[in-house]
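Biologist: I should like a close look at one part of this chain, namely a single short helix and what packs over it. Please begin there and then follow the connections outward into the rest of the fold.

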Amino acid sequence: MLRELTAIPEGLLALPATALHQRLDGPTLIHLPGRNPEPLFVSVLLHGNEDSGWEAMRELLAHCQGRELPRALSLFIGNVTAARQGVRRLDGQHDYNRIWKGSGGAEHQMARQIIETMRRRRVFASIDIHNNTGLNPHYACINRQDHRFLHLALLFSRTVVYFTQPDAVQSMAFSALCPAVTVECGKVGQHHATAHARQLVEAALHLDHFPEHPVSAHDYDLFHTVATVKVPESVTFGFGDEGGELAFTPDLDHLNFRELPGGTLLARLHSEAARLQAWDESGRDVAERFFVRDNSGLKTRLPLMPSMLTLNAEVIRQDCLCYLMERLPAID
Ligand SMILES: [Zn+2]
């Protein structure tokens, strides 16, 4: 299902994500030459509705047209058919950021093919660009605690999240080959998100090598994802007065990246069955450890910091309510 090209198709840079299907038959990997032959790999639109990455690359490539890039670039444009509909993925498709390990479909085979191609080309670094739906600062995620990965992450943000689950994401697969990051550029449709993603890619293209020296502990805040929080399939939910067995506080997404004290109210409860699940990295439900219910509702049991809390019901059902994080000491 993968197409590989060695030039940008005529007219492609004029198209928004929703119109890419007019020039691309599906997922496409485009290799562009540069002064340094070891390529930077950039993936955009693994989630079809998250278009800041494509907008950033559109601007960057339009700006560079007719000029040599400082470094070769391999651009993967992912879920073109979902982008056409403005959705994360179509029904019946695998999530394009959960296909980078194992087998299970044509998408997994495509991901393996991309990894092999980039290994052969001696990939220099990898950047996967995303948006999210809640109120979140821009941050970078790494899957290895390694100074080269931190150097790459800090080209984007001093807020860095380390995670090892889910493990079938793009940046995890590329971590075996080169420094790799996933960057979260906040909500779609904001010009500063596009500009920020573009600055990161430009900086990485201009980077000659990763510094050997460690990053100073003062230069970053490192957090570790300890659990993924979901609403059980059988439990209904809403925000504020919308109803549902779990009635979340209406401005829930303002809690992202805030170190919350124990006892913070998350939801009112309208049934005995209303609860949350919190899956730890080994796949156990450890909700009891983080949440407690009393007469007034569902609260945090201990100090914790959420990320990716969203008010978007579809995202909560398709993906999760949020992640829980704890602060990590600086990397040795
Ligand atoms: Zn995404």
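Modeller: The cover over the buried residues of helix H4 includes strands E5 (125-130), E6 (139-142), E7 (159-162) and E8 (180-184), together with helix H6. Helix H4 itself spans residues 147-154, and its buried residues are Phe149, Leu150, His151, Leu152 and Ala153. The model is a predicted one, and every statement here should be read in that light.

Two of the covering strands can be examined through individual residues. In strand E6, the residue to consider is cysteine 141. Cysteine 141 counts as buried because 24 C-beta neighbours lie inside 10 Å, where 20 or more are required. Beyond the residues up to four places away in sequence, cysteine 141 touches Val161, Phe163, Ser171, Val181 and Thr182. The C-alpha atoms of cysteine 141 and serine 157 are separated by 9.8 Å, with their positions 16 residues apart along the chain.

Strand E7 supplies the second example, valine 161. Valine 161 also counts as buried, with 24 C-beta neighbours inside 10 Å. When neighbours within four places in sequence are left aside, its contacts are Tyr139, Cys141, Phe223, Thr225, Ser307 and Met325. The contact between valine 161 and cysteine 141 thus appears in the list of each residue. By contrast, the C-alpha atoms of valine 161 and threonine 264, which are 103 residues apart along the chain, are separated by 23 Å.

The loop between E7 and helix H5 (170-174) contains proline 166. The peptide bond that joins glutamine 165 to proline 166 is cis, with omega at about -5 degrees. Most peptide bonds are trans, and most residues other than glycine have a negative phi.

The second half of that statement bears on two further loop residues. Methionine 308 is not a glycine, yet its phi is positive, at about 65 degrees. This methionine is found in the loop between strand E16 (305-307) and helix H8 (313-318). Methionine 308 is buried, with 23 other C-beta atoms within 10 Å. Ser307, one of the contacts of valine 161, lies in the range given for E16. The other case is leucine 45, whose phi is near 60 degrees, again a positive value in a residue other than glycine. Leucine 45 has its place in the loop between strand E3 (34-44) and helix H1. With 25 C-beta neighbours inside 10 Å, leucine 45 counts as buried.

That loop leads to helix H1, and H1 brings the account back to H6, which is part of the cover over H4. The axes of H1 (residues 52-64) and H6 (residues 191-206) come within 8 Å and cross at roughly 60 degrees. The two helices are therefore oblique to each other, and H1 passes H6 in a right-handed crossing. On the H1 side, the contact is made by Ser52, Gly53, Glu55, Ala56, Met57, Glu59 and Leu60, and on the H6 side by Ala193, Thr194, Ala197, Arg198, Val201 and Glu202. The residues of this contact divide into six nonpolar, three polar and four charged.

Strand E4 (residues 69-77) offers one more buried position, phenylalanine 76. Phenylalanine 76 counts as buried, having 25 C-beta neighbours inside 10 Å. Its contacts, apart from neighbours within four places in sequence, are Leu29, Ser43 and Ile114. Of these, Ser43 falls in the range of E3, the strand that precedes the loop with leucine 45. Phenylalanine 76 and isoleucine 8 are 68 residues apart in sequence, and their C-alpha atoms are 12 Å apart in space.

The whole chain gives these details their setting. The protein chain has eight helices and 17 strands. Its radius of gyration is 20 Å, close to the 20 Å that the globule rule gives for 332 residues, so the chain is as compact as a globular protein of that length. Its C-alpha atoms fill a box of roughly 65 × 45 × 35 Å along the principal axes. Buried residues account for 43% of the 332 residues. Among contacts with a separation of 6 or more, 74% are between residues 24 or more positions apart.

Conventions. Residues are numbered from 1 along each chain as its sequence is written. This is a predicted model: local features need pLDDT of at least 70, side-chain atom pairs count only at pLDDT 80 or more; totals for chains, interfaces and linings use all residues. Helices (H or I, at least four residues) and strands (E, at least two) are DSSP runs, numbered from the N terminus. The radius of gyration is taken over C-alpha atoms; the globule rule is 2.2 Å times the number of residues to the power 0.38. A residue is buried if 20 or more other C-beta atoms lie within 10 Å of its own, exposed if 12 or fewer, and partly exposed in between; C-beta atoms are placed from the backbone. Two residues are in contact if their C-beta atoms, placed from the backbone, lie within 7 Å. Axes are lines fitted to C-alpha atoms, for helices over the stretch in contact, and angles run from 0 to 180 degrees between N-to-C directions. Angles under 35 degrees count as roughly parallel, over 145 as roughly antiparallel, 65 to 115 as roughly perpendicular and the rest as oblique. A crossing is left-handed if the near helix is turned anticlockwise from the far one by less than a right angle, and right-handed if clockwise. Ala, Val, Leu, Ile, Met, Phe, Trp, Tyr, Cys and Pro count as nonpolar, Asp, Glu, Lys and Arg as charged, and the others, Gly among them, as polar.
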